[in-house]
Amino acid sequence: MSQLPVPDRDTVHVWVGRGAGGRPGRAGRLLRRAGATLLGRAEAEIVVGRAPDGRPLVSAGGPDGTAVALPVSVSRADAVVLVAARRAGPVGIDVERRRELPALALARRWYAPGELAWLAARPAPERAVDFLRLWTAKEAVGKALGVGLRGGGLRRPVPVPDGDDLLRPLPGRADLRVGHPAVDRDLVVAVAVAGPSGAGGAGGAVEVLVVDADVGLVQRTGHGVAAERSASGERTSLPVVVRGS
């Protein structure tokens with residue numbers, strides 16, 4: 001299955017890299033690969049840098065000599081690094097490793113009452129993962145907006161997970177979508193997009209294409225189709241109390 005973007009589709013590409021010997025994967029090579037794939041250039045022509053606020057930047061020279069930028073986002077969990085890129089507009093990604101944690105206690109501290117109530121009603125064995133799904137969604141939305149969790153980002157409402165991979169609008173915000181594509185059974189991943197979505201910015205579905213950097217296409221979801229699989233994959237910002245749970 002091709003890794004190239006499909007014309008007239010709003011697609012988020014997610015590259016997954018894994019480090020060796022417990023060392024973190026390198027985001028730079030994935031950012032260059034993203035730029036080469038979506039900007040149609042050789043990797044040697046892709047410029048990778050950082051904005052003053054630390055956000056990654058990817059660009060290439062245009063035919064008239066001006067730089068053509070590609071919206072990207074980076075997240076890390078242990079030795080895994082994920083890079084998201086989207087030609088249609090801003091994108092954010094966040095990843096956390098699945099683990100046990102005091103989900104309700106943390107939700108009481110960080111989440112809105114409605115999200116706490118939803119989490120409390122979930123089966124006890126699923127609460128830790130559901131807490132992380134909400135957390136990564138808030139992180140990914142903050143990155144897509146370019147503000148992170150500043151200004152009460154943890155209180156920003158996000159759609160509760162619905163058991164599928166689709167990117168869904170935030171409550172009262174049709175210009176923001178977030179969802180949880182399947183990447184790895186040990187990871188919780190959220191992808192968010194900002195601005196008009198869908199083909200031509202018509203508010204339609206957003207496709208997510210997950211690519212393993214060393215193997216090939218892992219999964220394609222969205223646009224009303226079931227997940228397709230092929231065999232050809234910023235550090236966590238959870239509070240210390242979560243990290244040590």
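Gly-172 takes a positive phi near 75° in the hairpin of strand 8 and strand 9, which has two residues between the strands. That hairpin is a good place to enter this structure, which is a predicted model.

Strand 8 covers residues 168-170 and pairs with strand 9 in the antiparallel sense. Three bridges hold the register of this pair. One of the positions to look at is Arg-168, whose bridge partner in strand 9 is Val-178. Strand 9 spans 173-179. On from there, strand 9 is joined to strand 10 by four bridges. These two strands also run antiparallel. Here Gly-179 stands opposite Val-191 of strand 10.

Strand 9 and strand 10 also lead to a pocket. Which elements each supply at least two residues of the lining of the second largest pocket? They are helix 4 (127-145), strand 9 and strand 10 (187-194). Strand 10 gives the largest share, three residues. The lining counts 24 residues in total. Arg-133, Asp-164, Asp-165, His-180 and Pro-181 are the ones that lie nearest the centre of the pocket. The pocket has a volume of about 340 Å³. How does its lining divide by class, and what are the counts? Eleven residues are nonpolar, ten are charged and three are polar.

Helix 4 deserves its own visit. Lys-138 is found in this helix. Is Lys-138 buried or exposed? Lys-138 counts as buried because its relative accessibility is 0%, and the cut-off for buried is under 20%. Where does its side chain find polar partners? The side chain of Lys-138 reaches the backbone oxygen of Arg-156 at 2.7 Å. A polar atom of the same side chain lies 2.9 Å from the backbone oxygen of Leu-154. The wider surroundings of Lys-138 fit this picture. Leaving out residues up to four places away in sequence, Lys-138 touches Tyr-111, Glu-115, Leu-149, Gly-153, Leu-154, Arg-155, Arg-156, Pro-157 and Val-158.

Next along helix 4 comes Glu-139. Glu-139 has a relative accessible area of 5%, so this residue is buried. Its C-alpha atom is separated by 6.5 Å from that of Leu-149, ten residues apart along the chain. Leu-149 is also among the residues that Lys-138 touches.

Now turn to strand 7, residues 91-97, where Gly-92 lies. Gly-92 is buried, because its relative accessible area is 0%. What is Gly-92 in contact with, leaving aside its neighbours within four places in sequence? The list holds Ser-73, Ala-140, Lys-143, Ala-144, Ala-190, Val-191 and Ala-192. Val-191 is the residue that Gly-179 stands opposite in strand 10. Gly-142 also belongs in this account. The C-alpha atoms of Gly-92 and Gly-142 are separated by 7.3 Å, with their positions 50 residues apart along the chain.

The last stop is a loop. Asp-78 sits between strand 5 (72-77) and strand 6 (80-86). Its phi is positive, about 55°, although Asp-78 is not a glycine. Is Asp-78 buried or exposed? Asp-78 counts as exposed, because its relative accessibility is 53% and the cut-off for exposed is over 50%.

Key. Residues are numbered from 1 along each chain as its sequence is written. This is a predicted model: local features need pLDDT of at least 70, side-chain atom pairs count only at pLDDT 80 or more; totals for chains, interfaces and linings use all residues. Side-chain values use heavy atoms; hydrogens and water are left out. On a 1 Å grid over the protein atoms alone, a cavity is a set of points where a 1.4 Å probe fits but cannot get out, and a pocket is an open set with protein on both sides within 12 Å along at least five of seven lines; lining residues have an atom within 4 Å of a point. Grid points are joined across faces, edges and corners, and a volume is the space filled by probe spheres set on the points. Ala, Val, Leu, Ile, Met, Phe, Trp, Tyr, Cys and Pro count as nonpolar, Asp, Glu, Lys and Arg as charged, and the others, Gly among them, as polar. Buried means under 20% relative accessible area, exposed over 50%, partly exposed in between (1.4 Å probe, protein chains only). Contact means heavy atoms within 4.5 Å. A polar contact is a pair of N or O atoms within 3.5 Å; within protein, one must be able to donate a hydrogen and the other to accept it, and residues adjacent in sequence count only if both atoms are side-chain atoms. Two strands pair if DSSP finds at least two bridges between them.
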